[in-house]
Amino acid sequence: MATKTISLDEEAYERLKAHKREGESFSEVVKRIVGERSWTEVAGILSDEEAEQLEGIIEEGRERSHDCRERLDSELRSDE
């Protein structure tokens, strides 16, 4: 496979290096990072109905998490 040489300033190199996983080449790091989607790229993927369903599921999860946190807090206070 052909290669290209690029120049990075020290800060850019350190940031890229921070994302590097064990055994991963810098080319693989760049491909992995560049392959990630930003929120602007995924906007509009869901239909309005799908988005509403997802919002409902997220809200239910938040409520369960809140209830669990309240219950644990109450239990911890009663043990004091």
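**Entry 1: R32 and E24**

I looked up R32 first and found that R32 forms a salt bridge with E24, with 2.9 Å between the closest N and O atoms. I count a salt bridge when a side-chain nitrogen of Lys or Arg is within 4 Å of a carboxyl oxygen of Asp or Glu. This is a predicted model, in which local features need pLDDT of at least 70 and side-chain atom pairs count only at pLDDT 80 or more, while totals for chains, interfaces and linings use all residues. Residues are numbered from 1 along each chain as its sequence is written, and side-chain values use heavy atoms, with hydrogens and water left out.

I then checked the cover on both partners. E24 is buried, at 11% relative accessible area, whereas R32 is partly exposed, at 22%. For these words I use under 20% relative accessible area for buried, over 50% for exposed and in between for partly exposed, with a 1.4 Å probe and protein chains only.

**Entry 2: the other salt bridges**

How many salt bridges does the rule give? The count comes to three. Side chains of opposite charge can pair when their charged atoms come close.

E11 and R15 meet through their side chains at 2.8 Å, N to O. They are separated by about one helical turn because they are four residues apart in helix α1. E11 is partly exposed at 49% relative accessibility, and R15 is exposed at 55%.

D73 and R77 also form a salt bridge, at 3.4 Å, N to O. Both lie in helix α4, four residues apart, about one turn of the helix. D73 is partly exposed at 32% relative accessible area; R77 is exposed at 58%.

**Entry 3: elements and overall form**

I listed the elements and got four helices and zero strands, in the order α-α-α-α from the N terminus. Helices (H or I, at least four residues) and strands (E, at least two) are DSSP runs, numbered from the N terminus.

The radius of gyration is 22 Å, where a compact globule of 80 residues would have one near 12 Å. I take this radius over C-alpha atoms, and the globule rule is 2.2 Å times the number of residues to the power 0.38. Along the principal axes, the C-alpha atoms fill a box of roughly 65 × 45 × 20 Å. Buried residues make up 4% of the 80 residues.

I also checked one C-alpha distance. L54, in helix α4 (residues 48-78), is 28 residues from F26 in sequence and 36 Å from F26 in space. L54 is partly exposed, at 39% relative accessible area.

**Entry 4: the largest pocket**

I read off a volume of about 210 Å³ for the largest pocket. A pocket here is an open set of points on a 1 Å grid over the protein atoms alone, where a 1.4 Å probe fits, with protein on both sides within 12 Å along at least five of seven lines; lining residues have an atom within 4 Å of a point. Grid points are joined across faces, edges and corners, and the volume is the space filled by probe spheres set on the points.

Which residues line the largest pocket? They are K4, I6, L8, Y13, L16, F26, S27, V30 and K31. Helices α1 (10-19) and α2 (26-34) each supply at least two of them, and α2 gives the largest share, four residues.
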